[in-house]
Number of protein chains: 2
Amino acid sequence: MAKKPGTRMTKQRQAILDVLKSTTSHPTADWIYEEVRKIIPNVSLGTIYRNLSILKEMGEIMELDFGSTYSRFDGNPVNHYHFCCTKCNQVIDLDIDIFDTIDQDVSQATGHIVNRHRLEFYGICKDCQKDD
Amino acid sequence: MAKKPGTRMTKQRQAILDVLKSTTSHPTADWIYEEVRKIIPNVSLGTIYRNLSILKEMGEIMELDFGSTYSRFDGNPVNHYHFCCTKCNQVIDLDIDIFDTIDQDVSQATGHIVNRHRLEFYGICKDCQKDD
DNA sequence: TTATAATTAGTAATCGTTATTAATACTAAT
DNA sequence: ATTAGTATTAATAACGATTACTAATTATAA
């Protein structure tokens with residue numbers, strides 16, 4: 001873990017990271033807040049947001065936004081693609097290969113420097129197809 | 001234009017649509033508000049939001065969200081990809097071919113019904129590379 | 001025209017997120 | 001150990017984009 005000098009790994013920050021690393025459910029800040037409260041009952045919501053921001057800066061986690069009014073967070077910082085169910089709003093990791101040359105392709109074609117890309121699919125998940 | 005029975009094309013709605021169709025700059029609701037005010041000075045911001053929502057529902061426009069706290073809107077409802085400059089926050093249309101079979105591919109591989117996908121690239125745009 | 005319901009302007013409320021502040025707790029140097 | 005310095009915290013207030021509400025207006029079809 002790349003530790004910037006001066007940063008401390010507090011029990012709050014560790015708990016937030018642990019919660020995020022232990023799920024693949026792309027939780028919201030509020031869900032993380034509730035989970036961390038089970039470990040540190042008087043943790044503050046502001047602490048959740050501040051640390052999520054710091055952990056993102058550190059490259060430990062990713063922030064996702066899928067057209068909702070709120071963000072979701074992903075404990076896996078390595079690029080991967082997502083499927084979003086427009087019915088139940090579940091976000092599912094996709095196990096498909098990354099287009100690893102596409103950034104360079106776009107860069108050459110356009111002249112913009114491309115650092116990363118994101119790809120998302122929208123539709124109805126397997127579960128939601130059952131209950132129709 | 002697919003017109004749902006009961007919906008009216010008011011001058012406000014028409015103005016909002018005109019403003020959006022006449023730019024490729026992916027404006028915010030607030031920018032659209034300022035532009036429409038030049039035509040209808042006492043138009044309300046709530047009217048902007050309500051109509052953007054309705055026009056999106058009608059398939060006339062698209063709503064974009066790029067990790068900001070606000071949405072951007074696109075007068076071109078046909079799927080296309082975007083480049084977002086992380087320095088100046090400009091959003092640029094990309095003239096690259098759509099992966100038109102990828103939705104089916106993911107659908108078959110996962111069992112989820114895939115209706116659409118979005119692909120975005122992030123980096124430093126041509127303009128911002130100059131002023132370093 | 002007229003009746004009906006969609007739409008509007010204006011404004012208040014909502015809600016996710018961010019900023020503020022005084023208190024706390026690491027960390028390193030004495 | 002004791003201190004000084006500073007990152008971090010809990011609690012709470014503030015913020016800003018968006019949405020909801022309401023009475024008045026206006027497009028549309030009969």
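## Surface near DNA strand D

In this predicted model, 20 residues surround DNA strand D, and those that come nearest are Thr10(A), Thr47(A), Arg50(A), Tyr49(B) and Ser71(B). Sugar or phosphate accounts for 71% of the atoms of DNA strand D that lie within 4 Å of the protein, and bases account for the rest.

Several individual approaches can be named for this strand. The backbone of Gly6(A) places an N or O atom 3.3 Å from a sugar or linking oxygen of DNA strand D. The backbone of Arg8(A) likewise supplies an N or O atom, here 2.8 Å from a phosphate oxygen of DNA strand D. From chain B, a polar side-chain atom of Tyr49(B) lies 2.2 Å from a phosphate oxygen of DNA strand D. The elements giving two or more residues to this surface are α1 (11-21) and α3 (45-57) of chain A, together with α3 (45-57) of chain B. Of these, α3(A) gives the most, with 3 residues. By class, the surface near DNA strand D consists of 6 nonpolar, 10 polar and 4 charged residues.

## Surface near DNA strand C

Around DNA strand C there are 19 residues, of which Tyr49(A), Arg8(B), Thr10(B), Thr47(B) and Arg50(B) come nearest. Of the atoms of DNA strand C within 4 Å of the protein, 72% are part of sugar or phosphate, while the rest are part of bases.

Chain A reaches phosphate oxygens of DNA strand C through a side-chain N or O atom of Tyr49(A), at 2.3 Å, and through a polar backbone atom of Ser71(A), at 2.8 Å. A base is approached from chain B: an N or O atom in the side chain of Arg8(B) is 2.7 Å from a base nitrogen of DNA strand C. At least two residues each come from α3 of chain A and from α1 (11-21) and α3 of chain B. The largest contribution to the surface near DNA strand C, 3 residues, is that of α3(B). This surface has 5 nonpolar, 10 polar and 4 charged residues.

The table lists the approaches described for both strands.

| Protein group | DNA group | Distance |
|---|---|---|
| Gly6(A), backbone N or O | Strand D, sugar or linking oxygen | 3.3 Å |
| Arg8(A), backbone N or O | Strand D, phosphate oxygen | 2.8 Å |
| Tyr49(B), polar side-chain atom | Strand D, phosphate oxygen | 2.2 Å |
| Tyr49(A), side-chain N or O | Strand C, phosphate oxygen | 2.3 Å |
| Ser71(A), polar backbone atom | Strand C, phosphate oxygen | 2.8 Å |
| Arg8(B), side-chain N or O | Strand C, base nitrogen | 2.7 Å |

## Interface of chains A and B

The contact between the two protein chains takes 30 residues from chain B and 30 residues from chain A. The size of an interface is often given as the accessible area lost when the parts come together. Here chain A and chain B bury about 2700 Å² between them, with 64% of this area on carbon and sulfur atoms. Within the area that chain B buries against chain A, His112(B), Arg118(B) and Tyr122(B) supply 23%, more than any other three residues.

Across this interface there are 14 residue pairs in polar contact, both residues being at pLDDT 80 or more. On the side of chain B that touches chain A, at least two residues are supplied by each of β4 (91-94), α4 (102-110), β5 (113-124) and α5 (126-130). The element giving the most to that side is β5(B), with 12 residues. By class, the side of chain B facing this contact has 15 nonpolar, 9 polar and 6 charged residues.

Strand β5 also takes part in pairing between the chains. Strand β5 (residues 113-124) of chain A and β5(B) pair in the antiparallel sense over 11 bridges. Within this pairing, Ile113(A) stands opposite Ile124(B).

## Salt bridges and the hairpin of chain B

Side chains of opposite charge can pair when their charged atoms come close. The structure holds 14 salt bridges over all chains, and 2 salt bridges are found across the interface of chain B and chain A. Arg118(A) joins Glu120(B) in a salt bridge with an N to O distance of 3.7 Å. Arg118(A) also forms a salt bridge with Asp65(A), at 2.8 Å, N to O. That pair links distant parts of the chain, 53 residues apart: Asp65(A) lies in the loop between β1 (62-64) and β2 (72-74) of chain A, and Arg118(A) lies in strand β5 of chain A.

In chain B, strand β3 (residues 81-85) pairs with β4(B) in the antiparallel sense over 4 bridges. The bridge partner of Tyr81(B) in β4(B) is Leu94(B). The hairpin of β3(B) and β4(B) has 5 residues between the strands, and Asn89(B) takes a positive phi near 65° in this hairpin.

Note on methods:
Residues are numbered from 1 along each chain as its sequence is written. Chains are lettered from A and ligands numbered from 1 in the order in which they are written. This is a predicted model: local features need pLDDT of at least 70, side-chain atom pairs count only at pLDDT 80 or more; totals for chains, interfaces and linings use all residues. Side-chain values use heavy atoms; hydrogens and water are left out. A residue is near a molecule or strand if one of its heavy atoms lies within 4 Å of it. A polar contact is a pair of N or O atoms within 3.5 Å; within protein, one must be able to donate a hydrogen and the other to accept it, and residues adjacent in sequence count only if both atoms are side-chain atoms. Ala, Val, Leu, Ile, Met, Phe, Trp, Tyr, Cys and Pro count as nonpolar, Asp, Glu, Lys and Arg as charged, and the others, Gly among them, as polar. Contact means heavy atoms within 4.5 Å. Buried area is the accessible area (1.4 Å probe) that two parts lose on being put together, summed over both. A salt bridge is a side-chain nitrogen of Lys or Arg within 4 Å of a carboxyl oxygen of Asp or Glu. Two strands pair if DSSP finds at least two bridges between them.
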